Every structure is written in C-alpha cells, then in structure tokens.
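User: Could you walk me through this structure? I'd like to ask a few things as we go.

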Amino acid sequence: MEGCTLPCSYSPLPAEPTPARYRPPKKATLMVFSGLLMLGLVLAIINGSRDSDVRANGNASLDKLKSSMPLPSEPLQPVSRGPSAGVSEKSNLVMAGVNVMSFPWNNTMLSWQRTAYHFQPEKNWMNDPNGPMFYKGWYHFFYQYNPNGAVWGDIVWGHAVSRDLIHWLHLPLAMIADEWYDINGVWTGSATLLPDGQVIMLYTGSTNESVQVQNLAYPANLSDPLLINWVKYSGNPVLLPPRGINFKDFRDPTTAWYTSDGRWHIAIGSRVNTTGITLVYHTKDFKSFELLDGVLHAVPATGMWECVDFYPVSKNAEQGLDTSVNGAEVKHVFKTSLDNDKHDYYALGTYEKANGRWVPDDPKIGIGIRYDYGIFYASKTFYDVRKGRRVLWGWIGESDSENADVQKGWASVQSIPRTVLLDKKTGTNLLQWPVEEVDSLRLSSKEFDKVEVRPGSVVPLDVETATQLDIVAEFELDKEALERANQTNVESMISCSTSGGAAGRAALGPFGLLVLADDGLSEYTPVYFYVAKGADGNLKTFFCVDQSRSSEASDVNKQVYGSSVPVLKDEKLSVRLLVDHSIVESFAQGGRTCITSRVYPTKAIYGATRLFLFNNATEATVTCSLKIWQMNSAFIRPFHPDQETWI
C-alpha cells in the first residue's frame, strides 16, 4: 500500500488510489510551544506541592486533596468515525457537544503514555484483535490497523508473532484492502485450525458499495511457521447478507466448531431492527455455507451485535477446551460486543448440538455479565493447544482526545492476554487472569505485611517509581466495625458511581490503592472496594476505579467504573493490578470482576509516580498485606528475516 512503512505481503491493485492521510492541525507548532511553557508550570506545581498533604505519620486526609487546573488551549470538536462506514463508533465522543478545551500536552507527557509490556504497533491506530492462534511453535496475533494514521480508517490486518504472548515481533501486514469485496476495509475475523493441518481465516470485508460480506483466506505456505504470506480465496465472498438483514449489519465471523453431523459451524453478529441476534451457518469446506433456521441467541433492545464469540468451558477441570468440545461436563459461553454501548457481555448456557440451539442457564440473563467494567471491547478468545488453555484478548481504546492521539502518533493497546475458566465456586461467573507468562517480567519486589490504614487516611508505600508494577493485595475490615455498621439500602447502590466514587464516605468504605499518583496527591487513580450491609444483614461488595482525579488534563474522560463482585464466605478481599504507564488492569477476587482503565496524568509520570493505600471509611480500620513487583519491559519490535534468535 502506498505510504505504508511496513512491508506488505499483498500487492495493491494497480488502479488503487493513494489513501487519504490524516494531517495534523496547522496549529500543531503553536501547541508544542504552548506545551513547553506548560511543562514549566507543571514542574513548578509538582515541586511546590510535594509532600504538602502527607502527614509525618504517613497518613493524610483525602478531604484535603486539591488540584490546580492548567490553562486550556482550544475547544475540542470530536469527529465521528466508523458508523457511516457500517461499524461501531471508533472515536471518543463522550465530550461531544460539551464546551471542553483541549489540554496543551507536550511530548514528555505523551511519550510517557506509551506502554512497556502491553502489545501495540510501533505507531498509528489499532482496534479489534483478529484470528489469534498457536501454530508451529508461534503465537500469532492479527489486529485491525490503519497504516496511514492514528485515527480509525483504511483498515487492514496487522500481524505479529510471539513465543510466549509477551515478547512480540511485528511481521508484514497480513492482508490489505485490495479486492472489490474488501476495498473499504479488511475487518474483523477468526482463525480455525483443521485436524488435517489447514488454517482457515474467515473475515468481514466492506465492499466497493459498503456491503458487509464474509471472505475466506488461508496461508500461502503451511510449512512457514510465521505464516507471512496469505492468499484470498478466488471465489470470495463466500457469504452475503441474508434476506431481511441490512447490508451494514452482518459482520465478524467466529472460530468454527465441529459437530457430529460432519459439518463446521460459525456464528455471525447482526440485528433485526433493535434486536441483537446471532446467525449460525454450517459448512463442510468453508466455501459453501447454509444458514440454519432460527438464531443462536437474540435479545431485544440491544442493537447491533459485533465480534460474537462462542466457546466451551469445563465444569470441573482447571484447563481450557477446544472450541468443538461439548458434553455433560461442559458449559458454553456466549459473548457479544454491543455496538450501542461499546461493552462486552457474556452469559453461560448449554449448547444443544441436536438442534443447534444455545440455552442460557438463567432465562432472565438477557445480554449477560460484563467481561470488564472499564475500557475493553471487541474481545476474542482462542484455544491454546500448546498449554491447553482458553486465552482472551481485548481491545483497549483511548479515552483522551483525538487531537492528543494524532500528536503522539498512535492510538490503542491490547490487554494482557487472559486465561478464562469457569468459576467453580459460584458456577455463574468466569474467572479471567493474566497469562502466567507475564510473571516473567517481574523484577525486584517488596512486601508489606498487615499495614493498618485508619479511617480517613492515606498511607504511602515506598516502592520508588510506580509506573510499571504488578501488585497483589489482600484487605481485611475490622470485624467489630462490620458488626456495628448500620444497614443500608443496598439495592439503591446500582453502580460504583452512585456511591460518590472514592471521595464518598460510608461506614465500610471505600478503601484500596491510589495508583499513578504524584507525591502531593494532585493526581491519583483509586482502585478500591466498597462494602455495604443490606437490610438482611448480609454484606455486598463493590469493586471500582475512580478516574475523576486521575489527571489535571481537561480533554480526557474521568469516569467511575465498576460493579458488585461476589465474595464468598471466608474469602478475603483480594485484587491484582497490572500498572503499565497509561493502562491499569485490575482483577478482583481471582478475576470474577475486572476493570481496565486508561489514565493520562500530567504530573504523576516517570520518576514522579507514586503508590498509596487509602481508607475513606468512616468507621472501619482496614488491614492490608501486599506484594509489589517492579515490571520489566517486553521486547516488541520488527522482525528481521536474517535473525535466527530474537530473545
């Protein structure tokens, strides 16, 4: 593709026009100059406020935490990207229509935001994970990529490989938009590995008339473990939108599963009016397909379903299952990404192979439970044949302004891959946990045993810089405080935000950690628990992240994320946090509830980043034990054919 700095395994059509490039605003030079001036102001504020709110005894009051706001520069005018082309919104439009001023970011601040051990391209825009698989000793990861800029558009397939899901090599683009059936975008797809060794890739293409069709591709050379070159089937497209389905509402085929009738089945997301649906097709050769009667699942008033996933989990074993496994000891996970709210939901049920129906365990489940209560979308799993596990990828978008993304030259990261298991204790939840390979990045560690955090206090943790951390923590509430706490109308607490965020005070919370904080606590992001006693005397626990004080920048989203988390009898409150510059992944109670956050501090960066415990409860003292590791950076770089080893 002309203008593409990465090598391409496809040659573009001779008549293909040069893609339009996104050009930064003409005021970029002025903004950089303003940013340099602002950096001086920020440094002065950091030096002036350092230690001003931290008491000598190591405790500080959250009530005294104040912040000064830098002067804004110019009004933001968010631009919609995606819906007009027939996909979900790819721009941050939360502040659209609001008179928000852009923040004068400088290169020092923006450079800090780039992650150290999460996967991302060297530059430009990335979104959905595509076709992950393990093949001949290598993990393959494909992704939606714009080679021409840091905003959505001109979508092709990026490609990277890894030995361990942590260190990655960037390969040439796998597929570009060079045929009439995908000229407007090589969109999301999935891989299926057949028993005879074939690799099947089905993906959605947007045609020259913006019709969504399904296409087949396969490796040019199966003996190549890197699968660098790909061939598009000459008979594409293999599937067109069926009667009654809008031509822009038919996308994202799943990995195929095999059934006893001798056919492979795939699911595709769609909608009928406002009802989200999943269509199911079967095939013997991945070239000719037949639409089955009915739908796999449907929920009214949920809109378009994207990036559907369908896979089995074991009721008993602590391991993953191949996508085609079924039986009495298996539950099936149905997952969809909702175009309407940009969240991923899953539900557990039974797959009746005789009639091809999926029946939810809870008939009232609707669309299901959130995978992640933060920024986590368009996720996709694959079965790792090497280690016998189900691995989940998720796209972590930005929540800053598009102007800032263009200035820094990139947008979006991928989550740390997560293993997925059925929660055997509850039977109603999945457990998501970072793959074990991420532990190899751990460096030096510090342990803090039974640290008491009094009501209304903040305790600094001496871990030096706190930009790249792996944190494991357990919390215990004062039992006497639990017994004397007043009963609360728990049902009225339908979300973390309704309790007032981390600043809202009640008898039993909130309490937790302040990550990506500066010394003076002018910027900090609380990750915390909040416990309430219901009218029946039972406790209900919420797990939340509050970004309202995460940054002094004016052009970033600062929301309170979270939900309730099941806590069983005799379980301590536990959390694991992966902190990696501008991303924080949080896993409560072994991964029953997860929250992924994007954080954009202006002061709490580089060596100025700190970590604190806090307790904003009014009655209960909290005791916390922690182990905290500094994290190394992953090797993520371009592949050179002449190199024999890469780590």
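**Strands, confidence and cavities**

User: What is the bridge partner of V161 in β4?
Analyst: In this predicted model, V161 has L169 of β4 as its bridge partner. The two strands concerned, β3 (residues 156-162) and β4 (residues 168-170), pair in the antiparallel sense over 2 bridges.

User: And what order do the strands of that open sheet have?
Analyst: The open sheet has 6 strands in the order β22-β1-β2-β3-β4-β38, and the pairing is mixed. Its edge strands, β22 (410-411) and β38 (636-638), each pair on one side only.

User: Changing topic, what is the mean pLDDT of the chain?
Analyst: The mean is 87, and 85% of the residues reach 70 or more. Over residues 1-72, however, the pLDDT is below 50, although this stretch has 124 contacts in the model beyond near neighbours in sequence. Where pLDDT is low, the predicted coordinates should not be read in detail.

User: How many cavities of 30 Å³ or more are there?
Analyst: The count comes to 2, and the largest holds about 100 Å³ of space. It is lined by 15 residues, of which V87, K90, D128, T188 and E306 lie nearest its centre. The elements giving two or more residues to that lining are β1 (124-135), β5 (186-193), β15 (305-314) and β20 (377-384).

User: Which classes do the lining residues of the largest cavity divide into?
Analyst: They divide into 6 nonpolar, 4 polar and 5 charged. The second largest cavity, with about 40 Å³ of space, has 8 nonpolar, 2 polar and no charged residues in its lining, and among them are Y117, H118, W168 and P417.

Conventions
Residues numbered from 1 in each chain as written. Predicted model: local features only at pLDDT ≥ 70, side-chain atom pairs only at ≥ 80, totals over all residues. Heavy atoms only, no water. Pairing = 2+ DSSP bridges. Helix = DSSP H or I, 4+ residues; strand = E, 2+ residues; numbered from the N terminus. pLDDT = per-residue confidence, 0-100. Contact = heavy atoms within 4.5 Å. 1 Å grid on protein atoms, 1.4 Å probe; cavity = no way out; pocket = protein on both sides within 12 Å on 5 of 7 lines; lining within 4 Å. Points joined across faces, edges and corners; volume = space filled by probe spheres on them. Nonpolar A, V, L, I, M, F, W, Y, C, P; charged D, E, K, R; others polar.
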